[in-house]
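Please look through the sequence and the 3D structure shown here. A briefing on the fold, the domains and some local features follows.

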Amino acid sequence: MANFDWHAERSDLDGIALLDRAPEGEGIDLKAVRLYRLGRVREQMANFGVDAVILSDPINIRYATGARNMQVFCQRNAPSRYLVLTAAQSILFEFTGCLHLGQGLETIDEVRPAKTASFVAAGPGIQAREKAWAAEMADLIEELAGKGATVGLERLNAGSAIALRDCGLRIVDAQQPVEMARSVKSSEEMKCVNASLRATETGVAKLRDAIRPGMTENELWSVLHQSVIAQNADYCETRLLNAGARTNPWFQETSGNVIGENELIALDTDVVGCHGYYSDFSRTLHAGPGKPTEAQRELYKVAYEQVQSNMDILHAGMSFRDYAERAWDIPEKFYENRYYLSAHGCGMTGEYPYLYHKGDFPDAGYDGEIAAGMTICVESYIGAAGGREGVKLEQQVLVTETGIELLSRFPFEEELLR
């Protein structure tokens, strides 16, 4: 692979976005990945009668185009950059001073400067800014998709959406077509998923090796961060590493808590990794130096049984309702603290579909069909209400035409399975 000349003349920086050609990209046709994803979005837009979308979620912009820029910043400062996409045109409105980042991508026909319509950017003039922005967008969409077009929106401030509607556009939510597009992966896209998982597994191995009673949860969690960022990941989406009594209940954020001897340490990776793909598997480790207790082993073996049982029933063509009916029954003493999902889709983040437990399906569940090409994360949290510790386990799999393929390969703890 040729070295990139950072001292080249500015005219030679055309295509700087293609610097995603990192070692983890060797053997992956990233152009094919980008074109497949763009085609999926357009296909689903047509299926749902959407003439144009304005995407402002940076993950969805990256999915549709491959353009990556200040992911976390743009998630909390939307719309700092946005994509106007129709059946024939793709125009990226990029953050001030960043227009070069979209150059060279075959998924983008034009890059223009974004006009941020937020109170932070406009102050008391926000309403005028929103109306001007909406008028510009309406003119562009009419030019590209015709008068009275149906436009899918996401993550815009309310004033901008209202102003667009007042311009005569039919406004709908862009979530459904975009989520349906993202839910089925191509074979080339799966190479990106696997590259991200292998990098995250390297990080978890380093974290496991670094465990020492007396260190804090934050210190241990930072080991994973250092490793995945060094391998071109973007960020960890959550702070889910806990030890000892802080493993029960689940969803206690990583803290300065000191890890004690022989405690359980539960981790959910939630890494937005190589090529922007989500590495989402969970492991529970033992701090040592002694052996796990029988109580710790029981929790671990029950969680392991749940994950393995639910992986075994997954197959293409299965309805979400059927999955809920057939899924592993959580023992009563662990039911109150159950994980809120039985399984969920996974791509560039956690995504459609959500698969619920049988008991939660009447209130929270919805039906649909598991399809070949979906990547699914099968979840378990086992910890009794009022109990001291809990165990979090999770596996990431690909649904195929004939069954499933295991994607997450980090080993389980043999000492806890005995």
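How many residue pairs are in polar contact across the interface of domain 1 and domain 2? The rule finds eight such pairs, with both residues at pLDDT 80 or more. A polar contact is a pair of N or O atoms within 3.5 Å; within protein, one must be able to donate a hydrogen and the other to accept it, and residues adjacent in sequence count only if both atoms are side-chain atoms.

This is a predicted model, in which local features need pLDDT of at least 70 and side-chain atom pairs count only at pLDDT 80 or more, while totals for chains, interfaces and linings use all residues. Residues are numbered from 1 along each chain as its sequence is written, and side-chain values use heavy atoms, with hydrogens and water left out.

**Overall form**

- The protein has 14 helices and 17 strands; helices (H or I, at least four residues) and strands (E, at least two) are DSSP runs, numbered from the N terminus.
- The C-alpha trace spans about 70 × 55 × 50 Å along its principal axes.
- The radius of gyration is 23 Å, which agrees with the value near 22 Å for a compact globule of 418 residues. The radius is taken over C-alpha atoms, and the globule rule is 2.2 Å times the number of residues to the power 0.38.

**The two domains**

- Domain 1 covers 30-182 and domain 2 covers 187-416; these bounds come from an automatic or database domain assignment.
- The C-alpha centres of the two domains are 33 Å apart.
- To the contact (heavy atoms within 4.5 Å), domain 1 gives 15 residues and domain 2 gives 14 residues.
- About 1300 Å² is buried between the domains, 55% of it on carbon and sulfur atoms. Buried area is the accessible area (1.4 Å probe) that two parts lose on being put together, summed over both.

**Salt bridges**

- A salt bridge is a side-chain nitrogen of Lys or Arg within 4 Å of a carboxyl oxygen of Asp or Glu.
- The structure holds 25 salt bridges, and the rule finds three across the interface of domain 1 and domain 2.
- Arg 182 and Glu 351 form a salt bridge through their side chains, at 3.2 Å from N to O.
- On the side of domain 1 that touches domain 2, the elements giving two or more residues are α1 (30-47), α2 (58-65), α3 (71-76) and α7 (175-182). The largest share there, five residues, comes from α1.
- Glu 351 also forms a salt bridge with Lys 185, with the closest N and O atoms 2.7 Å apart. Glu 351 is in strand β14 (residues 350-355) and Lys 185 is in the loop between α7 and α8 (187-210), so this pair ties together parts that are 166 residues apart in sequence.

**Backbone details**

- Most residues other than glycine have a negative phi, and most peptide bonds are trans.
- Asn 248 and Pro 249 are joined by a cis peptide bond with omega about 0°, and Pro 249 lies in the loop between β8 (241-243) and β9 (264-268).
- Another cis peptide bond, with omega about 10°, joins Gly 288 and Pro 289. Pro 289 is in the loop between β12 (282-286) and α10 (294-313).
- Asp 270 is not a glycine but has a positive phi of about 50°; this residue is in the loop between β9 and β10 (271-272).
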